[in-house]
Each structure stands twice: as structure tokens, then as C-alpha cells.
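Visitor: Could you take me through one part of this protein in close detail? I would like to see how a single piece sits among everything around it.

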Amino acid sequence: MAASSRQDRSILWLLIIMLIFAPLFRAGNLPLPLMVLELLALSVLLLLFLRAQPLDQVKTSHLGWSAALFLLPVPGLIALPLDTLYSLPGRDFLQSVFSAVGSTDSQWRSLSLVPHNTEAALWALLPPIAVFMAVCSLPRQQVMKLVYIMLGMAVFQSVLSLMQYGGGFGGALYLPNEYGMKAAAGTYLNKDHLAGFLEMTFPVALALLAASVGHTHSLGPRGSRWRERMNFLSTLKGHQAGLYALIGLVVLLALVFTRSRAGIALAMLGLFLVMIAFSRRLGGSNVYGTYGTLFAVIMVLTAEIGLAPILDRFSEDSMEDMRWNIYASTLRGIMDNFPLGAGAGSYPEIYPHYQPASVDAFVNHAHNDYLEWLFDGGVAALLMILSGLLVFARGWLAVWRSGRWRTFRYVQVGAGIGLLLLILHSLIDFNLHKPANAIWFAFLLGLFLHENNEEQEISDKTRKRVRTRRLNTPAVPIPTVSKPRKPITMKDW
């Protein structure tokens, strides 16, 4: 047990380093930071497999899905005879290309059109997979520590981005970032990717706020209830609730000043979903009752109304006019290379073959994660996307339960909403192709799918405590009537 505990602490510290390090250097989108993340991921996986019970906490289906995801690029590295390769979909032009460049010495070539990119994509999958399996394996208490690390990183990025915007464009706080000017970008290269990270964090902060407000102690008589509710604000939990509310407000402000149209719209959707998930949890006999539910609904609707004009007037989308042309041309590439795909990581080099003249810019991503995965991975990527969505949907069935919730379940629901927001954001951007956001997405997915029987464990402990108390209570002595020593005769009467 002691050795296992030491290994868990080592895994926890490695995860803390990974989660803090990932966004600091252009979201890990540089060769050296990415290599550091991959080495850390290998260390985490090694410690996981050296544990006494390596992956017992990870469900078999989740483990199988992770293994399939990691092996997805591998078929693209398989070498085939040139005659076979030329006959496959999307590879008929290779013969003329090899002849033109004079590269006809080898009779075998990889299935992927850009094999070195496919190998790089294989290794880039290590950090998110390692984070996912480690979070699923760690105890709840240690996972909650990582949640606080996420909130800390969100506050850091939010404050930095607000300072960037307030300090003017071209200031030193842009670190330097020629692509993030005129908007709050934090340490990210792209404001939309910062918005992606913040929109994942926003529902988690609100979930902790709801858990703090919704876990007040039992109230006294009706006349003293509001006094106790107000006194709650002066307690430690009341201070925690105020802190979580402040974090949520700072993150929301930063989302607005990223000027990301998708980020602001999804923040509004996140507020609405949080209201649906938690507003009734603020009602009931032991917290803020019907008035608390109505107040939460009114506050959220007011915020939605206030954000609507900001979305119209303040946000901007430089790719709005080109996106549909990119999507249409990417679909042509998908059909040409289907069902094999061009090979993982091949999109930046192969897409120019399909790029129309109306798209007069360098396009290194499809601005739609799902289309890019289909372009690269073909039918295998399609199956992984569908199975991943199925895992996410089944996760909701396990997380959403009736009865009283503990803090960890609140956080799991908040993580699920954050995951949903980034899943939707990926329809119009490439957040999951950035290492930092992929790692944070994997962290939230591991948190969301974490085995959680906390309520049942507490119920069992309470039942056991009551039973033990009953067994230890001394039995009430039963009075007995003893016979007289001498028999009583009729004469004595």
C-alpha cells in the first residue's frame, strides 16, 4: 500500500507538471515543448504499469478505446509494394510524382502520403492518452487537486489576456505573438484556442460554486432560515463560494475579450446548460428553496441577454468567409482518399492539392477537427469519432443520478458540460489539434468518466455506524421473579 501511495503521488506530480507546462509555450505547438510533454507522458505510463494494480480503475471499454486511438496512425506507417500502393484510393498520382523527382529506387512505400507527419502524430497522441488513463486511475481526492490546478491555470490565462487587451496591441505581454494581436490570447498563439480552454473551465468553476452553495447545513425553524442562509456567507464554505463565483466571472470576462465569436456563443450555451443542471439543486428544504432556484434562473437569463449584443458587436471571425470553401474542398479530399485516408498528420501537405483559388491563404488545418480527422484517417477515424461520442453519451448515464450529490459529482457534471462545449467548438475550429487543449480535454474526459461511488460509500458508512451503535448499546435487563426459599403452607396464609 505504501509503495502504491508513493507511485500515486509521483503520478500526481507528473500530471501537475504536464498540465501547467502544456499551455505555456504556444499551447505546446512547438517541437521542443511537445517533446517534453511526450517524455513526461512516457514517465506517467511507466509508473501506471508499475503499480501493484496497474489499470484496475480504468474500465475495459475505455482502455480499449484509448489503445485503438493510439494505434490509429499505425496502419499509415505500413510499407506496401509500389504496384499495390498505386492502385489504392488517392494514391494514383504518386507514380508521376516519384518519376518527376527521380525517387524510384525503393519498391516499397508507406501507406501514408506523408509518413514522417504520421509518425509525429502517433507520438503526439501519447500525452492526452497518458493523462486520461492516469486521471481515471487516481483517487478522487487527488483528481480534485488537479481540478484546482485547472482553475489556477484558467485564472492565470484570463488575467494575462485581460492585461494584454488593456495594455494595447503590440505590447510586451503578447510574449511575442504576431497572430494573437487585437484580442486577448494569453500564452496561446490563437485567441480561439484560448477561448476553447476557458470554455472548458467555465462550467467546472460554476459546478464548484453550485456545490458550495447547495451544501449548506440543515436549517432550523422557518423564521430563522433566512438568517442562517445569510450567515452561510460568512463561513468557510461561503468564502469558497465567493471565490468560485469570482473565478467564473474572470473567466467569462476573458472569454468576451478574446473576441472569439464561437467562444462567446458557447459561453452563453454553457451558462444555460449549467442553469438546467444545477438550478434545482439550489432548491429543496436544506438550502435556498424555490427562491434560490428562481434567482439562479433569473441571473443566468440576465447574463444571456447581456451577452447577446456583445456577441453581435464585439466578436470577430476572420475566417468566416473562407470556412465554407475550405469545408467543401476538404470534403473532396475525403472522398478521393476514402476509405483509407491520406494518413495521420498529412492534411497541411496534401490539402493544397484540393485548395481552390477562392481560398487565398495558407491553410494548415481544416478549421473543423472532424473533417480533418476524416481527411487523414478515413473510415477508421469515422469509427473512432462515433465510438468516442458513444463513450461520452454513456458517461452521462453513469454521472447523472437522482438524490443528493456530493462535490465530486457536481464537478463531473461541470466537466461533462465543458467537454460538450469543446466538442461543439471543434465543428468550426481545430482546438483538439493543439497539444495543450487536447491534454486538458483528456483530463476532463478522465474526470467525467472516473468511477464515482462516493454517495453509496457514505451511505454504507452511515448504515454501518448506526448498526454498530445499536450493537454496542447495553440491553435493558429483564426483571425476574425468584421463588421463595421455603414453601408457603396454607396455615401461613
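Guide: Happy to; here is a look at one helix, followed by its surroundings. Please keep in mind that this is a predicted model. The chain has 493 residues, 48% of which count as buried, and its secondary structure comes to 19 helices and two strands. Let's pick helix α7, residues 126–137. With twelve residues at 1.5 Å each, α7 should span 16 Å, and its end C-alpha atoms are indeed 16 Å apart, so the expected and modelled lengths agree.

Now for its setting. Buried here means under 20% relative accessible area. Twelve of the twelve residues of α7 meet that mark, so the helix is largely enclosed by the rest of the structure. Among them are Leu126, Pro127 and Pro128, along with Phe132, Met133, Val135, Cys136 and Ser137.

Val135 offers a good way outward, as Leu447 is in contact with it. Setting aside neighbours within four places in sequence, Leu447 also touches Val143, Val147, Phe408, Val411, Gln412 and Ala415. Leu447 is in turn one of the residues with the most contacts inside the largest nonpolar core, a set of 113 residues. Others in that group are Leu146, Phe197, Phe278, Phe443 and Leu444. Helix α9, residues 191–213, gives this core its largest share, 13 residues.

Stepping back to the whole chain, residues 24 or more positions apart account for 78% of the contacts with a separation of 6 or more. On the outside, the chain exposes about 25,300 Å², and carbon and sulfur atoms supply 66% of that area.

Technical notes. Residues numbered from 1 in each chain as written. Predicted model: local features only at pLDDT ≥ 70, side-chain atom pairs only at ≥ 80, totals over all residues. Heavy atoms only, no water. Helix = DSSP H or I, 4+ residues; strand = E, 2+ residues; numbered from the N terminus. Expected span 1.5 Å × (residues − 1). Buried < 20%, exposed > 50% of the residue type's maximum accessible area, 1.4 Å probe, protein only. Core = buried A, V, L, I, M, F, W, Y, C linked by side-chain atoms within 4.5 Å. Contact = heavy atoms within 4.5 Å. Areas by Shrake-Rupley, 256 points an atom, 1.4 Å probe, with all protein chains shown as cover.
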